[in-house]
Structures are given as C-alpha cells and as structure tokens.
Amino acid sequence: MSAVAVTAVLIPALPLAGWVVLGLWGGRWPGRAAGWVASATVAGSFVAAVALFESLAALPPDARTVQVDLYRWIAAGALAIPFRLLADPLSAAMARLVAGVGMLIHIYSIGYMARDAGGARYFAYMNLFMASMLLLVLAGNLAVMFIGWEGVGLCSYLLIAFWFERPAAARAGVKAFVVTRLGDVGFLLGIFAVFGTFGTLDFTAITREAAARLPLGGGLATAIALLLFLGAVGKSAQLPLYVWLPDAMDGPTPVSALIHAATMVTAGVFMIVRLHALYLRAPFALDVVAVTGAVTAVFAASAALVESDLKRVLAYSTISQLGYMFLAVGVAAWAAGIFHLMTHAFFKALLFLAAGAVMHALGGETDMRKMGGLARPLPKTAAAFGAGVLALAGIPPLAGFFSKEQILGEVFAAGHPWLWGIGLFTAGLTGFYITRAYVLTFAGPPARVHENVHEAPPVMWWPLAALVFLAVVMGVVLEHVVPLAPWLQPTLGAGALKSAGGAAAAAAEPGAVHAMLLVVSVAVAAGGIVLGWLVYARGAIRGQAPVLGTILAHRFYIEDLYDAAIVAPSRALAGWAAAVDRGVIDRAVLGVAGGLGWGGAALRRLQNGYLRQYAAFVLIGALIILAYWMLRP
Amino acid sequence: MDVVLFGITAVCALAGGAGVILSRRPVHSALGLLLVLLSLAVDYLLLGAQFIAAAQVIIYAGAIVVLFVFIIMLLSQAGERLGPGAFDGPVAVRFVAALVVLLAAGLIALVTRTPSAPAPVPAAFGTIQDVGRSLFGRYLLPFEAASLVLLVGMIGGVALGRRLGPRT
Amino acid sequence: MTVPAPYYLALSAVLFTAGTAGVLLRRSALIVFMSVELMLNAVNLSLITFARLHGSVDGQVLVFFVLVVAAAEVVVGLAIIVDVFRSRETVDVDDADALRG
C-alpha cells in the first residue's frame, strides 16, 4: 500500500487498538496510565492525520482523491461492498480536526477523571469513540460510514450513561440511543434507496453519477435526501429529534465536549456535505434542511436563555450552532458549513472544558444559580471562558466571526432574506445568552461562599489553553492564511468556490452590500453581549414576562408533547405486551404443561388394578379391529 | 336329519353356555361346560371331524373338566350371587352388556357373509389317518413343539403346586 | 353337510360372546377360567366348520393344537389360582389389584 493508504488506515486503527488494549488490560494498570495510553493513541492518529494532509497536499489537486480498499467485505452477486476508506481533502481536514480536538480532550480527561474508579473503562470507550468517528470521516462508502455512525452512537450511549448507578444518567443514555435510532431508521432507508438507484454506495461514484441518475427536483432524489436528512436530524440533534442532547449532559464533561459539541453531532452535517452531489438534485430537500436548521437555531437559542444549568446552556448552544451549519448546507454553502463546524469545535470544546474546570473547582456543581463571582478565584478559567464567549458570539477577529459571517453572507446571497433574518436574530440571542452564562458564573456577587476553590491542574489547563489559541486564531487562519474553501474544492466541486472567503463572495455581490451585512451582524452580536451584560451584571431591566417565561421554560412544551404522544403510549404498549406475555402466552405454555399433567392424572385412573376392566379394554380393542375388517371395502 | 341333530346340539350348547356364565356355584358351571363340550363333539362329528370329536371328549371333557372339578373341590369356594353385587366395581353392567351386544352383532354380521356351499370331500376326510398324515407331514414341527408345550405345562404345574414352607 | 355353514358359525358366535360376558362379569376366578374355555371351544367349532367348508384338514389340525395348548394352559392356570388362594384366601378377581398404579 502507498504511504497515503497506510496513514489513512492508521488514523482509525490506532484508537481501535487502544480500545482493545484498554478494554482488556486497562483496569489493571496503576493510576493514570490508562489515560496516557489513550491519549497516546489519539495523538498518534493526529500525527497520522497531519501526515495524510501533507501527503495529499503534495499531490496535484486533481489527484487528491485516494481510495483505500481494505478487503472485500460483502460480495453477494449484485451487492458488492468493499471496506473502503476515502482519503481526500474533506476527509483529511475532518480527520485532522477530530483527532486534534480529541487528543486535547483526552489529555484533559486524564485530570478530570483522575479520581474516578472507572477510569480505564472511560478511556476505552473514548478510544472506541475516536476510532468510530475517524472511520466515519474517512469512510469511502455509505456502508463503512454507517459502521462509524452506529459506533459513535453506541459510544455516546455508553459514555452518557458512564456513571450508570445514577438513574438520571442511565435514562439519558437510553434516551439518546432511542431518539437517534429513530433518525437512523431514515438513514438506513436512505442508504437502501441510494443503493437501489446507484447500484453502489461508493461516494466517488455517487458524486460522479448523481446528475445522470437523478432527475433534478424529482421525487426519488427528494425522498433519498429527506430520508438521509432524518438520520442527520437525529444524530445532530435538530428539531424535532433534539431532545436527547440536553439530557446527555449527565455524562462526564469531557464527553460532552468531545462527542456532543465537537465531533459526533457534526456527523450529520458531514454526511450531507459528502453527499452534496445528491442533495443538489433535490432543491426542495435543501430547503427543508435550511429551514430546519434556522428554526432549530432560534429555538435552541431561546431555550438557552432560561437555562440555569451551565452545561445545558452549552448543550442548547450546540444545538443552535448546529442549526447554523445546516442552514449553511441548506443553501449549498458546503465549505461554509464545514468551516463553522471546525470553528465551533474549537470554541465549544473550549467552553465545555472551561465549564468542566469550574465544576472541578466546585466539586461537580453545574447550577449557575449557586455560582457567581468566580472570576476572582479562577481568573484563568474565566479568561478562557470569556474567549469562548467572544468566539461563540462571533466577535472579530475570533474564529466564530469568520465562519458565522460566511454563513450569513451565503444565505443572504442565495436569496433567502427571511432565513438570514432568523440567523441574525439568533446571533443576537447567542450573544445574550452566553453573556448571561458568563455573568452568572464568573461575575457578580457569589450566590454562596465557595470553599477551597482553585484553578484546574496543568494536565487540564494546557488543553484549555491550546483551545483558546485555536478559537482565537483559526478563524483568520482558515479564511486567509490557509484558506479552507479552495482546499475543499476538489471534493466539493464548484460548490466550494461558491462559498470561498470574503474575496470571492465580494465578487459575487456588490461590495457595499457585503460590507453592510458584516457590520450588521457584528453589531447584533455585540449588542447581544452588551444587553446581556446590562441585564445580568447591572440588573438594568427588571420585571417579568411570565407567559413567555413559562413557555420558554418548558421549551415550548415539545418534550411534554413527546411524553404524552410517544413515551406514554409506548409504555402502555409495553405494559400491555408484558401482560399478554404473562397472561396469554405464559398461560398457554404452562397450560399445556398443566394440561399434560391433568391428562396424565386422568389416564392414571385407568390403572386401577381391576383385571376385569383391563379385560374389557382388550375387548374394545378387538371390537375396533373387527369393525375395521368389516368396514374395509 | 342332520339339521335336527344340529338343533338339539345347539340348544344343549346354549344351555350349557348359559350355565357356565350364570351359575351361582362353580360346580354347576363345570357341569354346564361339560354339556357344551359334549354337544360340540357331536357337532364335530356332523362336520366330519371324527378324530377331533374323539379328542375333544377325551381331552376336554375327560381331563380338563375333571381337573376343574378337582380344583373346585379343593378350594371349596361358595359361588357368589350373580346380581348387581357380582359386578360392582369399575366395570358397569350396562357397559359390558353394550360391549357384548356389539361383539355379537359384529360376529353375526361376519358370519352371514360366508358362503354355505361346502367343498366336496373324500370319504376319508377327518379320519385319524387323514389328520395324522398332516400332523406328521406338513405340521411336524408344530407337532413337536406342542409336545414341548405340554412338557412346560407339566413342569409348571408341578412347580406351582409345591408347597414352600409351612402350611398357610 | 346339509346344515349350512352359517348355522354353525352363528352358534360359535353366540357361544363366544357368552364366554366374553362371563369373563367380564364374573368375580370368581374359576368361573372366569371356565368362560375362557367356553370361548376357546366356540373358536374350535368355527375352525372345524371352515375346515369342512374348504375341504382342507388344516383346520382340524389347528384345533388339535388348540386342544393341546388349552390343556397345558388349564394346568398352569389352575395351579396359579390355587397358589393365589393359598396366600390370600380368596379367588375374587377384583381382589387381585396389585397392578394398581
């Protein structure tokens, strides 16, 4: 195999080996050994990912698509699916992101999980997750991607319910699994439809032949696209399948950072970008994607406004930012979506890890109503969180500004003023709620006296610092220094150039309009921050909005609706099925046994020892034979 | 002429049969059995089975019935009444009556299917020479086996008749 | 043979059913035994009848063997009855319920 192939295989293989080793022997290693081993495998993946990136960069742009077939997985007549990896610009960039952020979070976890007895199990699951996610990203066909898809779902469940003795955590894990399963049904049906249409699941083949096989705007293309999108909705926690993500915060914070912010939840976006050729043939489906993304974004942002749990604020924030990514891909701005995916990974992971540092200092507290004034004892953490706030809100020159700006610009340029307006409003909400979170946690008077509050240890702090650096710098880097869009162009075709950086966008529309959009969005974001500061730090606005507050507090009653319409009937059905099982089936089975016993007891009465009765039965037998003889034709 | 003879033997046989199954005392049953046996011997003669008729009288009437009478006297059992008390137990009278009627009906139905035209037979049919020729010819093996049966019966009778231990 | 065969066979049938009734209805082992002999004789009659009907002496040979076996059987059977009587003081068939399960 070529060097590219080897590095491509190493990327998911190293964490997979880590999982095996940690699973089998990790429990017996002393102290933090498990954590360091796990981090080492992921670091190895990161190195391999960088090497892969560089190898591809050394090739001419047309040749940057390398397929690596590992073995002939399914060979059943017409159904021929190899176990294939695809190393191209998109997968290389994603692999570098996933492995890099994963590596930082693994190192952070060493400190965070230091006092937990189940450490080896945690790191084993984390490595398995990394292997699955990297496999998903490097997949060469839908089947291998599905393996990764299911693998990350499984690890999400395992890690959310990591502290399985806690009923809330166990329930949250099940909820996550079941809800994403719902989406996976659509995903699987979509895969079947793709195979039926294309005869293959290979990505390069799909990209090549989508235009030929799918009439533009036809029902088939739309159906496939929507089915696959259903999977994305579940996995990426969009409306209406978002309900599992806030509850998933019951898992360890590094898990929330890695899986539910930076990587797994982005799989839906990634999948759509991979299949962009297919989606381009279904404009209606793209519209659905964009609208879903926009509505989810504003809905989740509004929910974050009233959350008092710090991690849940970040969870809703993730849902909202994922909505932005879907909004982007919904207007065919593929590279913009990926760009925001990357910057979001940096600043959201940063925010989660900083929140984790706060929890570490407070002994696991997440309720912001019990925090306040932590900036004094935790200055470094506060600064890190503050950097994340600015990045999330989209203040230049931090990362979030560039990616969010690209998205809003593309949406406007594609002719969707309403969606743009929603995105803008959400940006304002974003600034507001994240500022609120910062103020309630770090600023203002403390809600209670905090004992023994100290900063995180170095093993937790250095990854945080690295993420701060990335959140600050990567926006500029990916826009102007090593632009992302042109890099992705071989994979994404013309669509990538469509969302190239500011220069190309400026060429697409009048420079004045573009500049005005920039100013407006920054102003809105900044306005949100200022408003949040005024309300929460200075108490500028008093008063209640009871009706609105109640609706928001109940998240527009969506979860109550689910409970009534789906969960309660399911429970009833399960109860009924159990009753049928006990009452009917068990009774039937036991009834058979009982019947046999009763029959035996009845027959036993024939054996009463009366010879004359036995003789009578002999006679009866003789009569039967006699009758047969006589009646025989 | 033969029909009349048959009628007499039939009446006697039926009377004897009734006596066997209906008598209160075993001795009376034994006498009924004797009557049946002798009547049947006459029937055998009518049917041209002289040897068998003689054997019937000698063996059955002369030995077996005698044996029965010996045993009856040995046991000196008084017969039980043949009334409802005779068959209390799991075998109900009605049930048995039904069975018996069924059996009779079946047999009669079978019987009426047989042709009544006999084959011509030589004059020497059923004589001792005729039967002997079969016994020592075609049926030699069963004949020898029958002697074994008798031997076994003798041994069995002796073995069972021995008293083991003190008189009960 | 001027008497038609069915006559003999009918007699045989009636005697056989009579013997069956005796076996099932009487309680004394001796009388049951005698009823069995009655049945055997009924069958003998039918065998002789068929021998005459078909002109073959094989039927009579079979009756001969039946005679032999009946003799042996009576010997052994009566010996058993005597044995049972000695140990139990009864020849009531209903009392022999050791096969009760």
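How many cavities of 30 Å³ or more does a search of the whole structure find? The search finds four. Before looking inside them, a word on the source: this is a predicted model, in which local features need pLDDT of at least 70 and side-chain atom pairs count only at pLDDT 80 or more, while totals for chains, interfaces and linings use all residues. Residues are numbered from 1 along each chain as its sequence is written, chains are lettered from A and ligands numbered from 1 in the order in which they are written, and side-chain values use heavy atoms, with hydrogens and water left out.

**The largest cavity**

Rolling a probe the size of a water molecule over the atoms shows where empty space is left. Here a cavity is a set of points, on a 1 Å grid over the protein atoms alone, where a 1.4 Å probe fits but cannot get out, and its lining residues have an atom within 4 Å of a point. Grid points are joined across faces, edges and corners, and the volume is the space filled by probe spheres set on the points.

The largest cavity holds about 70 Å³ of space. Its lining includes A:Phe401, A:Lys404, A:Glu405, A:Leu408 and A:Ser521. Two helices of chain A each give two or more residues to this lining: H17 (399–413) and H23 (511–537). H17(A) provides the largest share, four residues. Helices here are DSSP runs (H or I, at least four residues), numbered from the N terminus. By class, the lining has six nonpolar, two polar and two charged residues. In this scheme Ala, Val, Leu, Ile, Met, Phe, Trp, Tyr, Cys and Pro are nonpolar, Asp, Glu, Lys and Arg are charged, and the others, Gly among them, are polar.

**Chain C and its partners**

Now to the interfaces that chain C makes with chain B and with chain A. Contact means heavy atoms within 4.5 Å, and buried area is the accessible area (1.4 Å probe) that two parts lose on being put together, summed over both.

| Chains | Residues in contact | Buried area | On carbon and sulfur |
|---|---|---|---|
| B and C | 81 from B, 71 from C | about 6800 Å² | 77% |
| A and C | Eleven from A, 13 from C | about 1000 Å² | 62% |

Between chain B and chain C there is one salt bridge, meaning a side-chain nitrogen of Lys or Arg within 4 Å of a carboxyl oxygen of Asp or Glu. B:Arg138 pairs with C:Asp58, with the closest N and O atoms 3.0 Å apart. These two chains also share eight residue pairs in polar contact (both at pLDDT 80 or more). A polar contact is a pair of N or O atoms within 3.5 Å; within protein, one must be able to donate a hydrogen and the other to accept it, and residues adjacent in sequence count only if both atoms are side-chain atoms.

Among the chain B helices that give two or more residues to the side touching chain C are H1 (2–22), H3 (50–75) and H6 (140–161). H3(B) gives the largest share, 13 residues. That side of chain B has 57 nonpolar, 15 polar and nine charged residues.

Across the interface of chain A and chain C, the rule finds zero salt bridges, and the count of residue pairs in polar contact (both at pLDDT 80 or more) is zero. Helix H26 (residues 611–631) of chain A gives the most to the chain A side, with six residues. The residues of that side divide into six nonpolar, three polar and two charged.

**Backbone features in chain A**

The loop between H8 (219–235) and H9 (244–247) of chain A contains A:Pro240, and the peptide bond joining A:Leu239 to A:Pro240 is cis, with omega about -5 degrees. A:Ala237 is also found in the loop between H8 and H9; although not a glycine, A:Ala237 has a positive phi of about 55 degrees.

Another cis peptide bond runs from A:Pro396 to A:Pro397, with omega near -5 degrees. A:Pro397 lies in the loop between H16 (379–393) and H17 of chain A.

Terms used. On a 1 Å grid over the protein atoms alone, a cavity is a set of points where a 1.4 Å probe fits but cannot get out, and a pocket is an open set with protein on both sides within 12 Å along at least five of seven lines; lining residues have an atom within 4 Å of a point.
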